[in-house]
Amino acid sequence: MRVLLVGAGGVGTAVTRIAARREFLAHMVVADYDLGRAEAAVAALGQRGTRFSARRLDASDQGAVRRMLVEERCDVLLNATDPRFVMPLFQAALEAGAHYLDMAMSLSAPHGARPYEECGVKLGDEQFALARRWEEAGRLALVGMGVEPGLSDVFARYAADELFDDIEEIGVRDGADLRVEGHDFAPSFSIWTTIEECLNPPVVYEKGRGWFTTPPFSEPEVFEFPEGIGPVECVNVEHEEVLLIPRWVDARRVTFKYGLGDDFIAKLKTLHELGLDSTAPVSVPGDGGPVQVSPRDVVAACLPDPAGLGERMTGKTCAGTWVKGSKDGAPREVYLYHVVDNQWSMREYGSQAVVWQTALNPVVALELLSTGAWSGKGVLGPEALPPRPFLDLLTEYGSPWGLRDDS
Ligand SMILES: NC(=O)c1ccc[n+]([C@@H]2O[C@H](COP(=O)([O-])OP(=O)(O)OC[C@H]3O[C@@H](n4cnc5c(N)ncnc54)[C@H](O)[C@@H]3O)[C@@H](O)[C@H]2O)c1
């Protein structure tokens, strides 16, 4: 399998480190508009890097992406840039006849009149609108294939297939006890995406009602995370799983709650009040006269690079799916989860826990596609495909998942 990886940031770099240890990959072209990042990712592989090469590529230039896919004879495009570039990359892959994977879906836009009650444009709507073209082309766009979305969706499908007869609620719950020494505010992955998902109106699914939105940070609850992380306050956040799971898994309610904590929520609210979450360019003085900059890009530029935080980070991160329903007539409640200890991921791969945990899943998916254990056409979420081969391969990669029975 030949892969074009676009984006050599935290997650993209971790993808190269995980993929380099697997045999299925014939070649991976690592592309970024910052060539230095792509080159650094490949150089860091050392002797394991013979199947990797670095190229400069602007993800917003659909034609250039299509040409590179063809020139490099790539079977698959793996998108590890931020979600602004989903559509040009997704369309370039379709035009080039390649398969496509991403870890975040096309962006949402709030409802004009009732943003905290009704959905406007939903996450992934633009991609699902092109589903028929992918089906006709016989190619697969596997969307939301990171850890959350990604592994969380695989867990939902596994629960429906093997653990429950009837599902009342599926709630993805994400929490961590990570600390970064020397930083009061240091998001552990792309700040651009963190702002996007935390400040957009959260979306909830209910059978009979469909998808609807609530105000940011709604329905706080304390969730007990496993493996020593303990209780963390979680709130509703806009996330792809809520849009993906109901398309393939029968459940009466689907939610996503993120363990952000009070301090993080307060800082995000301040950014919003100051208008610094906005992506609309503002005019600021520059050496040669006014320049146009996006406030959110400025915030990202002022914060530490998440990929470089691993050395000073301690603790564990947990991604998982809590499911409530019944089996054989008895009530059942489980939490399916995956925990990564930052010390372990730094020691084994030189990548911090959150980006490593994200990167693991698209590599497992690529391997399943290369062996034919997973196949499909059209625009599919991870829950559209059989969960067992994925969960077994995850364990084979040395990073097993867990099940806590809360019944
Ligand atoms: N599903 C999940 O579980 C999950 C979790 C974390 C992150 N993600 C996704 O992964 C993405 C990447 O996260 P990250 O932490 O690696 O972010 P990052 O900011 O570290 O990396 C993004 C990379 O994209 C590159 N880039 C930016 N603009 C580009 C352009 N026009 N052309 C080519 N390259 C460009 C940057 O140079 C950078 O190397 C996130 O934005 C998010 O969408 C998904």
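This text walks through a predicted model, starting with one helix and its surroundings and ending with the shell around the ligand.

Helix α7 covers residues 151–163. Is this helix mostly covered or mostly open? It is mostly covered, since 10 of its 13 residues are buried. The buried residues of α7 are Leu151, Ser152, Asp153, Val154, Phe155, Ala156, Arg157, Tyr158, Ala159 and Ala160. The elements that cover them include the strands β7 (166–176), β17 and β18 and the helices α9 (240–248), α13 and α14.

One of these covering elements, α14, can be followed in detail. Helix α14 takes in residues 387–396, and its axis passes 9 Å from that of α7 at an angle of about 120 degrees. Angles from 65 to 115 degrees count as roughly perpendicular and those over 145 as roughly antiparallel. The angle here fits neither class, so α7 and α14 are oblique to each other. Their crossing is left-handed. On the α7 side, the contact is made by Val154, Arg157, Tyr158 and Asp161, and on the α14 side by Pro387, Phe390 and Leu391. Sorted by class, the contact residues of α7 and α14 are five nonpolar and two charged, with no polar residue. Val154, Arg157 and Tyr158 are also listed among the buried residues of α7.

Just before α7 in the chain comes a loop that starts after β6 (140–142), and Pro149 is found in this loop. The peptide bond that joins Glu148 to Pro149 is cis, with an omega of about 5 degrees.

A second pair of helices gives another packing angle. Helix α8 (residues 191–199) packs against helix α10 (residues 262–273) at about 90 degrees, and the two axes are 11 Å apart. That angle makes α8 roughly perpendicular to α10. In this contact, Ile195, Cys198 and Leu199 of α8 meet Leu268, Leu271 and His272 of α10. The contact of α8 with α10 has five nonpolar residues, one polar residue and no charged ones.

Two loop residues have an unusual backbone feature to look at. Phe217 is not a glycine, yet its phi is positive, at about 60 degrees. Phe217 sits in the loop between β10 (210–213) and β11 (221–225). Is Phe217 buried or exposed? A residue counts as buried if 20 or more other C-beta atoms lie within 10 Å of its own. Phe217 has 21 such atoms, so it is buried. Asp328 is not a glycine either, and it has a positive phi of about 50 degrees. Its place is the loop between β17 (316–327) and β18 (330–341). Asp328 has 7 C-beta neighbours inside 10 Å and therefore counts as exposed.

Glu136 is another exposed residue, because it has 10 C-beta neighbours inside 10 Å. It belongs to helix α6 (residues 131–137). Glu136 and Lys377 are 241 residues apart in sequence, but their C-alpha atoms are 8.4 Å apart in space.

The last stop is the ligand. How many residues surround it? There are 34, and the closest are Gly9, Val11, Ala59, Ala104 and Gly146. Helices α1 (10–19) and α13 (353–371) each supply at least two residues of this shell. The largest share, three residues, comes from α1. By class, the shell has 17 nonpolar, 11 polar and six charged residues. Helix α13 has a part in both settings, as it supplies residues to the shell and is among the elements that cover α7.

Conventions
Residues numbered from 1 in each chain as written. Predicted model: local features only at pLDDT ≥ 70, side-chain atom pairs only at ≥ 80, totals over all residues. Helix = DSSP H or I, 4+ residues; strand = E, 2+ residues; numbered from the N terminus. Buried ≥ 20, exposed ≤ 12 C-beta atoms within 10 Å, placed from the backbone. Axes fitted to C-alpha atoms, helices over the stretch in contact; angles between N-to-C directions. Parallel < 35°, antiparallel > 145°, perpendicular 65-115°, else oblique. Left-handed = near helix turned anticlockwise from the far one by under 90°. Contact = placed C-beta atoms within 7 Å. Nonpolar A, V, L, I, M, F, W, Y, C, P; charged D, E, K, R; others polar. Near = placed C-beta within 6 Å.
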